[in-house]
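Here are a few notes to read with the model open beside you. I have grouped them by region so that you can follow along on screen.

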Amino acid sequence: KTIAAADGEQRQELLVSAMKQYIGDRFDRVAGSLTADDCCEIVASATNDSGIAARYKDTITACEASRYSSAEADVDAGRIDEVAGLIRSIEKKSR
């Protein structure tokens with residue numbers, strides 16, 4: 001809800017921060033030092049699902065790239081729901 005209520009540019013940063021924080025908390029890593037590749041490797045290793053890992057990485061990469069270019073990573077309710085779904089899948093597959 002916080003992410004959806006933020007303005008456009010801030011939504012991207014908040015989403016990436018939340019995604020990295022989740023990986024950091026869940027897999028005992030330092031969230032601030034995680035890259036999209038790190039998250040991908042951690043998710044792939046924990047779930048044995050390269051598809052989920054790639055989608056997680058692609059979302060982070062798109063949001064981060066849009067901060068430094070004119071490309072726009074649309075962080076709308078659909079994207080936020082997609083990330084929530086990815087996290088639920090990671091939880092189920094990494095038990």
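The points below go through two helices, two of their residues and the aromatic side chains.

1. A word before we start: please keep in mind that this is a predicted model.

2. Let's begin with helix α4, which covers residues 50-68 and has 19 residues. From its first C-alpha to its last, α4 reaches 27 Å, close to the 27 Å expected at 1.5 Å a residue. At the start of this helix, look for D49: one of its side-chain oxygens comes to within 3.0 Å of the backbone nitrogen of G51.

3. Which residues of α4 are buried? They are I52, A53, Y56, T59, I60, C63, E64 and S66. The packing partners of these buried residues are α2 (8-26), α3 (36-47) and α5 (77-93).

4. A53 is worth a click, as one of the residues in helix α4. Its relative accessibility is 0%, and buried means under 20%, so A53 counts as buried. Leaving out residues up to four places away in sequence, A53 touches C40, V43 and A44. For V43, the C-alpha atom is separated from that of A53 by 5.2 Å, with the two residues ten apart along the chain.

5. E64 also lies in helix α4, and you may like to check its polar side chain. What does the side chain of E64 make a polar contact with? The partner is the side chain of K20, at 2.7 Å. Again not counting residues up to four places away in sequence, E64 touches V16 as well as K20.

6. Next comes α3, a helix of twelve residues that reaches 16 Å from first C-alpha to last, close to the 16 Å expected at 1.5 Å a residue. Its buried residues are A36, C39, C40, I42, V43 and T47, and they pack against α2, α4 and α5. Two of these names, C40 and V43, will be familiar as residues that A53 touches.

7. Just after α3, have a look at the backbone of N48. This residue follows the helix, and its phi is positive, near 55°.

8. Finally, the aromatic side chains. A pair of aromatic rings is described by the distance of the centres and the angle of the planes. How many aromatic pairs are there here? The count comes to zero. There is, however, a charge over a ring to show you: R26 lies over the face of F27, at 5.1 Å from the ring centre.

Notes: Residues are numbered from 1 along each chain as its sequence is written. This is a predicted model: local features need pLDDT of at least 70, side-chain atom pairs count only at pLDDT 80 or more; totals for chains, interfaces and linings use all residues. Side-chain values use heavy atoms; hydrogens and water are left out. Helices (H or I, at least four residues) and strands (E, at least two) are DSSP runs, numbered from the N terminus. The expected span of a helix is 1.5 Å times one less than its number of residues. Buried means under 20% relative accessible area, exposed over 50%, partly exposed in between (1.4 Å probe, protein chains only). Contact means heavy atoms within 4.5 Å. A polar contact is a pair of N or O atoms within 3.5 Å; within protein, one must be able to donate a hydrogen and the other to accept it, and residues adjacent in sequence count only if both atoms are side-chain atoms. Rings of Phe, Tyr and Trp (its six-membered ring) pair if their centres lie within 6.5 Å; planes under 30 degrees apart count as stacked, over 60 as edge-to-face and the rest as tilted. A charge sits over a ring if NZ of Lys or CZ of Arg is within 6 Å of the ring centre and within 35 degrees of the ring normal.
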